[in-house]
Amino acid sequence: MAQILLALSEKVHPLVLGNVYRAQSQIQMLARKLLTNQIDDPKSAEKVISFLCSESGSHDYTINRSEAMNDLGLKIEIPDEELYALIKQIYSDIKDELKLSEPFDPSKILGTNDQAAYESVRCLIESPETFSYQYRTNGLLHKQQIAPNIPQFVANNIIINEGWKRYD
């Protein structure tokens with residue numbers, strides 16, 4: 001194990017490895033806190049955390065209801081028609097607000113212009129009783145010619161600002 005760590009530290013700076021370790025530890029700590037109302041048994045909670053943080057292989061891995069219930073032991077509520085319609089409406093609103101069906105396409109934003117400003121909502125945290133937080137990115141796209149006499153362009157993306165904003 002020591003030889004593996006030594007070889008790895010020759011390829012990747014130790015500070016980067018430390019940051020990765022701290023990020024992983026923070027994610028696991030947050031998962032433990034979120035699971036306190038779901039799972040009473042610490043061994044079962046660690047199984048879920050291990051699955052979510054490493055075994056699933058990808059952050060975008062989709063867990064369906066039966067897998068969550070049967071494999072991970074999570075408490076799952078199967079919605080009735082009224083609740084399901086509400087869930088679909090909330091998803092539809094989020095999908096529209098985040099433009100989930102539209103890929104980020106610089107050439108579409110630029111059109112025939114040499115530059116264009118854009119704003120993108122990238123994340124939402126909402127509470128029906130209080131407020132909404134949105135993580136937004138404001139940027140500027142510039143067309144840049146690849147080389148003289150070659151009619152090909154790339155889009156240069158300059159982030160003007162990004163961050164969380166509260167909406168009441």
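When I call a residue partly exposed this morning, I mean that its relative accessible area falls between the buried range, under 20%, and the exposed range, over 50%. With that in place, let me say at once that what we are looking at is a predicted model, and let me begin with its cysteines.

C53 is partly exposed, with a relative accessible area of 24%, and C123, at 30% relative accessibility, belongs to that class as well. What is the nearest cysteine sulfur to C53? It is the sulfur of C123, which lies 18 Å away, and C53 is in no disulfide. A disulfide in this analysis requires two cysteine sulfur atoms within 2.5 Å, so the 18 Å between the sulfur of C123 and that of C53 is too far for a bond. Consistent with this, the structure holds zero disulfides.

Let me turn to the charged pairs. Side chains of opposite charge can pair when their charged atoms come close, and how many salt bridges does the structure hold? There are three salt bridges in the model.

I will take E46 and R32 to start with, a salt bridge in which the closest N and O atoms are 2.8 Å apart. This pair links distant parts of the chain, since E46 sits in helix α3, residues 42-55, while R32 sits in helix α2, residues 14-35, with their positions 14 residues apart in the numbering. E46 is partly exposed, at a relative accessible area of 34%, and R32 is also partly exposed, at 38%.

The next pair takes us to the strands, where R136 forms a salt bridge with E119, the closest N and O atoms being 2.7 Å apart. Here R136 belongs to strand β2, residues 132-147, and E119 to strand β1, residues 115-126, so that the two are 17 residues apart and again link distant parts of the chain. Is R136 buried or exposed? R136 is buried, with a relative accessible area of 17%, because the cut-off for buried is under 20%, whereas its partner E119 is partly exposed, with a relative accessible area of 45%.

The remaining pair is R122 with E162, where the closest N and O atoms are 2.7 Å apart. R122 lies in strand β1 and E162 in strand β3, residues 150-167, and the pair therefore ties together parts that are 40 residues apart in sequence. Both ends are partly exposed, R122 with a relative accessible area of 49% and E162 with one of 39%.

Staying with R122, I would like to point out T137, which is placed in strand β2 and is buried, with a relative accessible area of 3%. The side chains of T137 and R122 are joined by a polar contact of 2.9 Å. If we set aside neighbours within four places in sequence, T137 is in contact with several residues that we have already met, among them E119, R122 and E162, and the list also includes Y118, S120, I159 and N161.

Now to the nonpolar side chains. In soluble globular proteins, nonpolar side chains tend to be buried together. In this model the largest nonpolar core has ten residues, namely A31, L35, I39, A45, V48, I49, F51, A68, L72 and L74. Which elements give two or more residues to this core? They are α2 and α3, and α3 provides the largest share, four residues. Within the core, A45 touches L35 and I39, leaving out residues up to four places away in sequence.

Finally, I come to helix α5, residues 81-98. At 1.5 Å a residue its 18 residues should span 26 Å, and the end C-alpha atoms are 25 Å apart, which agrees. At the N-terminal end of α5, D80 acts as a cap, with a side-chain oxygen 3.2 Å from the backbone nitrogen of E82. What follows α5 at the other side? The helix is followed by K99, whose phi is positive, near 55°, and K99 is a residue other than glycine. K99 is found in the loop between α5 and α6, the latter covering 106-110, and at 46% relative accessibility K99 counts as partly exposed.

Terms used. Residues numbered from 1 in each chain as written. Predicted model: local features only at pLDDT ≥ 70, side-chain atom pairs only at ≥ 80, totals over all residues. Heavy atoms only, no water. Buried < 20%, exposed > 50% of the residue type's maximum accessible area, 1.4 Å probe, protein only. Salt bridge = Lys/Arg side-chain N within 4 Å of Asp/Glu carboxyl O. Expected span 1.5 Å × (residues − 1). Polar contact = N/O pair within 3.5 Å; in protein donor to acceptor, adjacent residues only side chain to side chain. Core = buried A, V, L, I, M, F, W, Y, C linked by side-chain atoms within 4.5 Å. Contact = heavy atoms within 4.5 Å.
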